[in-house]
Amino acid sequence: MAELTFKITQATSTDYRAKDNKDIRVLVVGSTGYIGKFVVKELVKRGYNVVAFAREKSGVGGKASKDDAIKEFEGADVRFGDVQDMESLRAVGFAQPVDVIVSCLASRTGGKKDSWNIDYQATMNALEAAREKGASHFVLLSAICVQKPLLEFQHAKLKFETALQAAGDITYSIVRPTAFFKSVAGQVKLVKEGKPYVMFGDGRLAACKPISEADLASFMADCVKDSSKANQVLPIGGPGKAWTALEQGEFLFELAERKPNFIKVPVALMDGIIGFLDFLAKLFPGLEDSAEFGRIGKYYATESMLVYDPERQEYDADATPSYGKDTLEEFFRRAVKEDGMVGQDLGDAAVF
Ligand SMILES: NC(=O)c1ccc[n+]([C@@H]2O[C@H](COP(=O)([O-])OP(=O)(O)OC[C@H]3O[C@@H](n4cnc5c(N)ncnc54)[C@H](OP(=O)(O)O)[C@@H]3O)[C@@H](O)[C@H]2O)c1
């Protein structure tokens, strides 16, 4: 049976890769997110037959209407449904045969329940529908931080990754990016206004190799046809060096032509706040996510978004692959000198 499954996987993936891009149908779920939007546009640019699956009200705060989504995704077939509803996925998303499914789904809040609902269950729905309908390949937007899982959303993502790898009848590319530009852009405006840059410890506790949304979308689009990326877990960062918070802050002050002014927050203070919120959450369950958001904030302040070497128990910038052409230097320069923050919408959860 294992041999049969292997043969099916090989055959179907080979078949669709031999077709012209225009004849390859790619369904994108999570199409309306920060990365999903770029992925849809990149796939359209490459000439694929793209189906963008969206909610009727999408985007941050559900502010985008059906018309907005249709306008945004010119060249794609925009279909409206709900990834939390299998029937909607089957009947709308997979109404015609799909070769490749790309998931950019993610909880918009990072809250515990929502992470399990979206990063795990809704993405599982997409996988199950894809397998039922005979799709060949699944490209997943995951996160590099799942390699050292301490947070609920990381466990939800890992559980899905495991299910995808075990499926056997569909090939996969699991893309684990480092930090997005939006996640390191949160203090640009403050520095421009002459306010201090806030960091944890001495600002050297963690580093990342940020990747732009366009470069990440391009990497994900490569995964559609590049057979060397099939059945792979792919950590990926942007071009250039790894940046600590201190280095980012120093560079922003230089660009803004202001004297460096840092607020250094002791990590122990964060631990105290998380402990207090955990205690309150026992009395008031509604506060459970507040403690989780505290943990997410601490995680990003203290854990690097780089490939982790479990043997040495160290993050390794050199082992973290680089892709693309957009550098953090250029992004910060534009963000400080011009209005380079356009499109860098932090979303519902200001911690991502
Ligand atoms: N931020 C970083 O630095 C970073 C780094 C590496 C990896 N990541 C990972 O990247 C992912 C975040 O990507 P992103 O910023 O592009 O996400 P995002 O902008 O929050 O988009 C999330 C997508 O999922 C959909 N979605 C969320 N909740 C839904 C629900 N209840 N029902 C249906 N659809 C729902 C959204 O649809 P609507 O538009 O309809 O809401 C949207 O299309 C996360 O998995 C994160 O772990 C982030």
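The shell around the ligand mixes three classes: 13 nonpolar, 11 polar and 2 charged residues. The model is a predicted one. Of the 26 residues around the ligand, T32, G33, A106, A143 and S183 come nearest. Which helix gives the most to this shell? Helix α2, residues 34–45, does, with 3 residues.

**The sheet**

Now for the strands. Seen in order, the open sheet runs β3-β2-β1-β4-β5-β6-β9. That makes 7 strands, and their pairing is parallel. Why is one side of β3 and of β9 left without a neighbour in the sheet? Both stand at the edges, β3 at 77–80 and β9 at 232–236, and each has a single partner strand, so one side stays without a neighbour. On average, neighbouring strands of this sheet are turned by 20° against each other, direction ignored. In general, strands of a sheet pair through backbone hydrogen bonds, in either a parallel or an antiparallel way.

Take one pair as an example. Strand β1 covers residues 25–29, and strand β4 covers residues 100–103. They pair in the parallel sense over 4 bridges. V29 stands opposite S103 in β4. Helix α9, residues 213–225, packs on the sheet. This helix touches β1, β4, β5 (137–141), β6 (171–177) and β9. The direction of α9 makes about 165° with that of β6.

**Inside strand β1**

Two residues of β1 deserve a closer look. R25 lies in this strand, and so does L27. Buried or exposed: which word fits R25? R25 counts as buried, because it has 20 C-beta neighbours inside 10 Å and the cut-off for buried is 20 or more. L27 is buried too, because 28 other C-beta atoms lie within 10 Å.

Both residues also have partners from elsewhere in the sequence. Setting aside neighbours within four places, R25 is in contact with N49, V51, Q96, P97, V98 and D99. With residues up to four places away left out, L27 touches V51, F53, G93, V98 and I101. The table gives one C-alpha pair for each residue.

| Pair | Apart in sequence | C-alpha to C-alpha |
|---|---|---|
| R25 and D77 | 52 residues | 10 Å |
| L27 and A76 | 49 residues | 9.8 Å |

**The core**

Which residues have the most contacts inside the largest nonpolar core? They are V28, V39 and M220, and this core has 95 residues. V28 touches G36, V39, V40, V50, V51, A52, F53, V102 and C104, again not counting residues up to four places away in sequence. V39 is thus on two lists: it is among the residues with the most contacts inside the core, and it is touched by V28.

**Two loop residues**

Finally, look at the loops. E257 is found in the loop between α10 (245–256) and β11 (262–265). Its phi is near 55°, a positive value in a residue other than glycine. E257 is exposed, because just 7 other C-beta atoms lie within 10 Å and the cut-off for exposed is 12 or fewer.

Q313 is found in the loop between β12 (307–309) and β13 (314–316). Phi of Q313 is near 55°, and here too the value is positive in a residue other than glycine. Q313 counts as exposed, with 8 C-beta neighbours inside 10 Å.

Key
Residues numbered from 1 in each chain as written. Predicted model: local features only at pLDDT ≥ 70, side-chain atom pairs only at ≥ 80, totals over all residues. Pairing = 2+ DSSP bridges. Axes fitted to C-alpha atoms, helices over the stretch in contact; angles between N-to-C directions. Contact = placed C-beta atoms within 7 Å. Near = placed C-beta within 6 Å. Nonpolar A, V, L, I, M, F, W, Y, C, P; charged D, E, K, R; others polar. Core = buried A, V, L, I, M, F, W, Y, C linked by C-beta atoms within 7 Å.
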